Structure formats: structure tokens, C-alpha cells
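Here is a friendly walk through one fold, from its sheet to its cores and a few individual residues. Keep the structure open beside you as you read.

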Amino acid sequence: MSRPRASVARSEALHQQVARNIRNDIAAGVLRHGQRLPSTRDLASRFDVSVFTINEAMDLLGKEGLIVSKARSARTVNAPDQAAHQEIRPVAPRVVMVGGYPGSGKSELGRILARQTGWPILDKDTLTRFVVEAALELQGLSRNDRESDTYVNTLRPGEYESLNEAMLENLQCGNSAIVTAPFVREFGDDEWVKNTQAQCKKLGAVLTFVWVYCDIETMRTYIRHRGAARDSAKLADWDSYVAGLNMDLRPAAPHVVVDNSTSGAPLDEQARRLLADVVEAEEGK
């Protein structure tokens with residue numbers, strides 16, 4: 001997995017972006033085997049694309065065998081292998097720390113890795129979002145605020161401290177863990193990186209940093225699709241938001257880059273290659 005280009009010369013085809021999003025959701029278990037997909041018009045509305053684009057995406061997924069379409073019936077997910085249980089228990093616990101910008105696909109990668117290993121997934125938003133939203137409301141702020149000093153300087157540090165404690169608790173029990181969060185500030189902080197490495201090493205765990213790269217247009221498609229209220233400000237002024245992103249950001253330590261652009265390999269395929277490297281990593285490093 002070599003480092004991908006920082007930007008694309010042109011936007012990837014929209015139907016490929018849509019197909020990749022749905023393909024990732026199937027691999028991550030968000031969409032289940034036999035589940036009926038929304039109608040073409042509903043999907044077009046959710047992705048903010050044309051009906052023609054959705055039909056192109058469905059044709060692509062159908063050729064891959066991931067979607068089944070029958071006359072006069074809804075399209076359904078075809079992923080019979082989802083029921084298979086997988087579990088990997090290395091002698092030394094592993095920590096896969098996955099970061100990336102919102103909409104890059106880091107949570108999907110985390111879920112795919114969890115399905116391929118049986119390891120617990122610790123996602124920052126899942127663990128802390130509802131408490132953070134309640135705290136923001138108590139301060140008279142919007143539940144979706146992620147820009148104010150209250151959030152940035154008071155609540156955000158607590159989110160990452162809680163995430164770190166959940167990771168350490170699993171390691172103390174001898175469990176591996178998959179940890180997902182943006183880590184935008186943390187991965188660029190050499191002191192934070194070294195401290196995290198030391199914590200894992202002290203507990204005999206092998207730590208792997210992963211950065212999920214995604215081109216701007218595909219990222220926008222992901223964010224539109226998930227429809228999270230906290231993303232409304234980003235989409236309302238997309239150009240200003242994008243101007244603040246450092247697409248060359250990478251962890252300040254040896255790491256793996258996963259390319260979740262439409263030009264990259266399927267996310268589940270990259271996850272398997274990543275996992276092979278993680279399991280084979282020398283213990284104590």
C-alpha cells in the first residue's frame with residue numbers, strides 16, 4: 001500500500017463513488033445479506049445524484065455479485081459469507097489505530113477489520129458522541145457544534161482520553177483492539193505518538209498506525225450519504241472546509257496508508273493485506 005497521490009486531476013465517476021460506498025457498507029456489515037435496498041429515487045436523494053447514476057452504480061455492483069436485482073422486486077444485498085465468524089488471537093495483542101478526515105471511510109475500515117478478526121472496535125463517535133452532545137446542550141450550544149472553544153479545548157480532549165482508556169483496558173485484559181477516530185491533531189503530534197507507542201509497548205502490544213486517504217470528491221459523497229447532522233456545516237460551505245484540510249497529513253511515525261478513493265482497491269481487499277502485515281508484525285515493536 002504505497003502512498004496515494006494527494007489529489008486527483010479530475011473527479012472520479014459519480015457512479016463509482018456510489019458503488020464504492022455501498023460496497024464498503026456491505027463489507028462492514030452495515031448492509032446485511034438479504035437486506036432490501038432503498039428505491040432508486042431514495043438512493044439518488046441520499047447521495048444527491050441522478051437516478052441514472054444510481055442505476056449505473058447498481059449495474060456495477062450487480063456484475064460484482066453484491067446486489068441481486070429481479071423483475072418487479074427490490075434490489076437486495078447478496079453477501080452470504082457475512083454470517084461466517086472469524087477470530088484471530090495473536091500471542092501479543094495488536095492495536096490498529098485508524099485515523100482520517102471525516103468521510104474518508106475510517107469507520108468502515110475499522111468495522112471491516114473487526115469482522116475479519118473478531119477484535120473489539122473502539123470508535124470515538126460511538127463511545128462519546130451522545131455524552132458530548134448532552135454536554136454541549138448544557139452549555140447552551142448546538143449538539144452538532146464541533147468548532148467552539150468549549151468543544152475544542154474542553155470536550156474534545158476528554159473524548160480522546162476516554163478512547164485511550166478503553167484501548168488500554170482491552171490491552172490489560174489481553175485483547176487486541178481496533179481504534180478509530182479522526183486523530184488529525186494526534187497523529188501529527190510527535191509527543192502524543194511516542195507516548196501512545198510507549199503505553200502499548202509497556203503492555204506488550206504491537207501498535208500499527210493507519211491513515212485512510214480519500215480524495216476530496218469521494219469524501220464529499222461519503223459525507224452526503226451518511227447524513228450526519230454534525231456534517232451540515234461542512235457541506236454548507238464545502239470550499240472553505242476543504243481549504244482547511246491538509247491532504248498530505250500522515251502520522252508522525254511508521255504507518256500504513258489505505259487508499260479509499262474510487263481509484264483504490266476495494267476496502268475489504270486492502271483490509272486483508274493490512275491485517276496480514278499487522279498479524280505478522282514483530283512483537284514488542
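## Helices against the sheet

Helix 8 (residues 190–202) lies across strand 3 and strand 6 (206–213), and runs at about 140° to strand 6. Please keep in mind that this is a predicted model.

On another part of the sheet, helix 5 (residues 124–138) packs against strand 4 and strand 5, touching both. The direction of helix 5 makes about 40° with that of strand 4.

## The sheet itself

In what order do the five strands of the open sheet follow one another? The order is 4-5-3-6-7, with parallel pairing. Strand 4 (121–123) and strand 7 (255–259) stand at the edges with a single partner strand each, so one side of each has no neighbour in the sheet. From one strand to the next, the twist averages 20°.

Let us go through some of the pairings. Strand 4 and strand 5 run parallel and are joined by three bridges; here Asp 123 has Thr 180 of strand 5 as its bridge partner. Strand 5 (residues 177–180) also pairs with strand 3 (residues 94–99), in the parallel sense and over four bridges. Within that pairing, Val 95 stands opposite Ala 177, and Val 98 stands opposite Thr 180. Thr 180 therefore turns up twice, as the bridge partner of Asp 123 and as the residue opposite Val 98.

Towards the other edge, strand 6 and strand 7 pair in the parallel sense over five bridges, and Tyr 213 has Asp 259 in strand 7 as its bridge partner. Although strand 7 stands at an edge, four of its five residues are buried, so strand 7 is largely enclosed by the rest of the structure.

## Strand 5, covered on both faces

Which residues of strand 5 are buried on its two faces? Ala 177 and Val 179 are buried on one side, and Ile 178 and Thr 180 are buried on the other.

Ile 178 and Val 179 show what each face meets. Ile 178 has a relative accessible area of 0%. Leaving aside neighbours within four places in sequence, Ile 178 is in contact with Val 96, Gly 110, Leu 113, Ala 114, Thr 117, Trp 119, Pro 120, Ile 121 and Leu 122. Val 179, not counting residues up to four places away in sequence, touches Val 95, Val 96, Met 97, Val 98, Leu 122, Leu 163 and Met 167. Val 96 and Leu 122 appear in both sets of contacts.

## Two nonpolar cores

In soluble globular proteins, nonpolar side chains tend to be buried together. Here, the largest nonpolar core has 33 residues, and the members that touch the most others are Val 95, Met 97, Met 167, Val 179 and Phe 183. At least two residues each come from strand 3, helix 6 (149–172), strand 5, helix 8, strand 6, helix 9 (216–226) and helix 11 (238–243). Helix 6 gives the largest share, six residues.

Another core lies apart from this one; it has 19 residues, including Ala 28, Val 96, Val 210 and Leu 267.

## Helix 5 meets helix 6

How do helix 5 and helix 6 pass one another? They do so in a right-handed crossing, with axes that come within 10 Å and cross at roughly 150°.

From helix 5, the residues in contact are Lys 124, Leu 127, Thr 128, Val 132, Ala 135 and Leu 136, and they meet Tyr 151, Leu 155, Glu 159, Tyr 160, Ser 162, Leu 163 and Ala 166 of helix 6. By class, this contact has nine nonpolar, two polar and two charged residues. Leu 163, on the helix 6 side of this contact, is also touched by Val 179.

## Two loop residues with positive phi

Phe 183 lies in the loop between strand 5 and helix 7 (184–187). Its phi is near 55°, a positive value in a residue other than glycine. Phe 183 is buried, with a relative accessible area of 2%, and belongs to the largest nonpolar core.

Asp 48 also has a positive phi, near 60°, and is likewise a residue other than glycine. Its place is in the loop between helix 2 (40–47) and helix 3 (51–63).

Technical notes
Residues numbered from 1 in each chain as written. Predicted model: local features only at pLDDT ≥ 70, side-chain atom pairs only at ≥ 80, totals over all residues. Heavy atoms only, no water. Pairing = 2+ DSSP bridges. Axes fitted to C-alpha atoms, helices over the stretch in contact; angles between N-to-C directions. Contact = heavy atoms within 4.5 Å. Core = buried A, V, L, I, M, F, W, Y, C linked by side-chain atoms within 4.5 Å. Buried < 20%, exposed > 50% of the residue type's maximum accessible area, 1.4 Å probe, protein only. Left-handed = near helix turned anticlockwise from the far one by under 90°. Nonpolar A, V, L, I, M, F, W, Y, C, P; charged D, E, K, R; others polar.
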